[in-house]
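Student: I would like a close look at one part of this model, then a walk outward from there. Please keep it brisk.

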Amino acid sequence: MRLAFSSVQAVESYLEKSQTILFGLGSIENHGRHMPLGTDTLIPDKIIDLLEEKSDVLIAPTLPYGAADSLAAFTGTVSLGVIGLYDLLCRVCDSLYEHGFRKFVIVNGHGGNAKSLEMLGQRLYKKGAYLAVLNWWLMAGELRPEWAGGHGGAEETAGVMAVNPDLIVTEKLHDPLIMTADIAENMPSTGWDKVEFRGASVIIPRPVKVYNKNGWYGEDKPFEASEAWGREMVQTMADYIAEFLPEFEKVALPKP
């Protein structure tokens, strides 16, 4: 059941039996030169499309923009920032709260949205509501460890293949992961904002593009992905959410 396609009276009838609403949250950002900028939005949308076949939960429109400041230097990236995203989420959820919704479920596609979502969840709790955040790529790796991956690696590449394999720039699938020592020669870049010094990691926040010219990162190489892997993975996530929702519906709300 889609909020955008529903009449006022249909939503009123829904609220008589449920206080739960679900929507996707993504980002428009670089995922390597083999991937579309909308990766973090496209995959949650695909999972939600599959979920709709198994659940009658009310689905609000996906929010396609997120907090992606660290990737802003890559052409095409759009970032609301942590506070901008938080403000948008608050306005959306406050409107829905006024109508009677108390259980919010967000299928999130971007790790950079985490802080805004944590702030939102704390705010909703104080109002007597719950937020459940489903970080699909982390959960997929928990359900099947062989699926776990990094940013724009095989896991997310497989997810996009499940949406539409034609979105993958196949000649770029073998582009190497190149991390440069932009801080100092004895402090090589080893991950997202990380440098290694004498056996330990130090976080030095800076734009990703200064130490990773391609934009993908992880041990899972993009060329290892397959459409079959992606289809099984997004279906598994949809099945999981379909089982989670009725149990979440039973949970007693916190006292405001």
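Student: In which helix do Lys 250 and Glu 247 lie, and how many residues apart are they?

Tutor: This is a predicted model. Lys 250 and Glu 247 both lie in helix α7. They are three residues apart, about one turn of the helix. Their side chains meet in a salt bridge, at 3.1 Å from N to O. Side chains of opposite charge can pair when their charged atoms come close. Lys 250 counts as exposed, with 62% relative accessibility. Glu 247 is partly exposed, at a relative accessible area of 46%.

Other salt bridges share partners: Arg 2, Asp 49 and Glu 52 are joined into one network that way. Take the two pairs in turn. Arg 2 and Asp 49 meet through their side chains at 2.8 Å, N to O. This salt bridge links distant parts of the chain, as Arg 2 is in the segment before α1 (8-15) and Asp 49 is in helix α2, 47 residues apart. Asp 49 is partly exposed, at 39% relative accessibility. Arg 2 also forms a salt bridge with Glu 52, at 2.9 Å, N to O. Glu 52 lies in helix α2 and Arg 2 in the segment before α1, so this pair ties together parts that are 50 residues apart in sequence. The relative accessible area of Glu 52 is 31%, which makes Glu 52 partly exposed. The model has twelve salt bridges by the distance rule.

Now a charged residue without such a partner. Glu 156 is buried yet has no salt bridge. The nearest side chain of opposite charge is that of Arg 33, and it is 15 Å away. A salt bridge needs the side-chain nitrogen within 4 Å of a carboxyl oxygen, so that pair does not qualify. Glu 156 sits in helix α6 (residues 154-163). Beyond its neighbours within four places in sequence, Glu 156 is in contact with residues including His 31, Met 35, Asp 40, Gly 109 and Trp 136.

Trp 136 leads on to helix α5 (residues 136-143), where it is one of the buried residues. Trp 137, Met 139, Ala 140 and Gly 141 are buried there too. The buried residues of α5 pack against α2 (39-52), β3 (103-108), β4 (130-135), α6 and α7.

Helix α7 also matters for the nonpolar interior. The largest nonpolar core has 59 residues. Leu 22, Leu 89, Phe 104 and Leu 120 touch the most other members. Helix α7 (residues 227-250) gives the most to this core, with nine residues. Look at Phe 104 more closely. Leaving aside neighbours within four places in sequence, its contacts include Ile 21, Leu 96, Tyr 97, Leu 124, Leu 131 and Phe 248. Cys 93 is another of its contacts.

That brings in the cysteines. The count of disulfides is zero. For Cys 90, the nearest cysteine sulfur is that of Cys 93, 7.4 Å away. The cut-off for a disulfide is 2.5 Å between sulfur atoms. From the side of Cys 93, the closest cysteine sulfur is in Cys 90, too far for a bond. Both cysteines are nonetheless buried: Cys 90 at 6% relative accessibility, and Cys 93 with a relative accessible area of 1%.

Conventions
Residues are numbered from 1 along each chain as its sequence is written. This is a predicted model: local features need pLDDT of at least 70, side-chain atom pairs count only at pLDDT 80 or more; totals for chains, interfaces and linings use all residues. Side-chain values use heavy atoms; hydrogens and water are left out. Helices (H or I, at least four residues) and strands (E, at least two) are DSSP runs, numbered from the N terminus. Buried means under 20% relative accessible area, exposed over 50%, partly exposed in between (1.4 Å probe, protein chains only). Lys and Arg count as positive and Asp and Glu as negative; His and the chain ends are not counted. Contact means heavy atoms within 4.5 Å. A nonpolar core is a set of buried Ala, Val, Leu, Ile, Met, Phe, Trp, Tyr and Cys residues joined through side-chain atoms within 4.5 Å.
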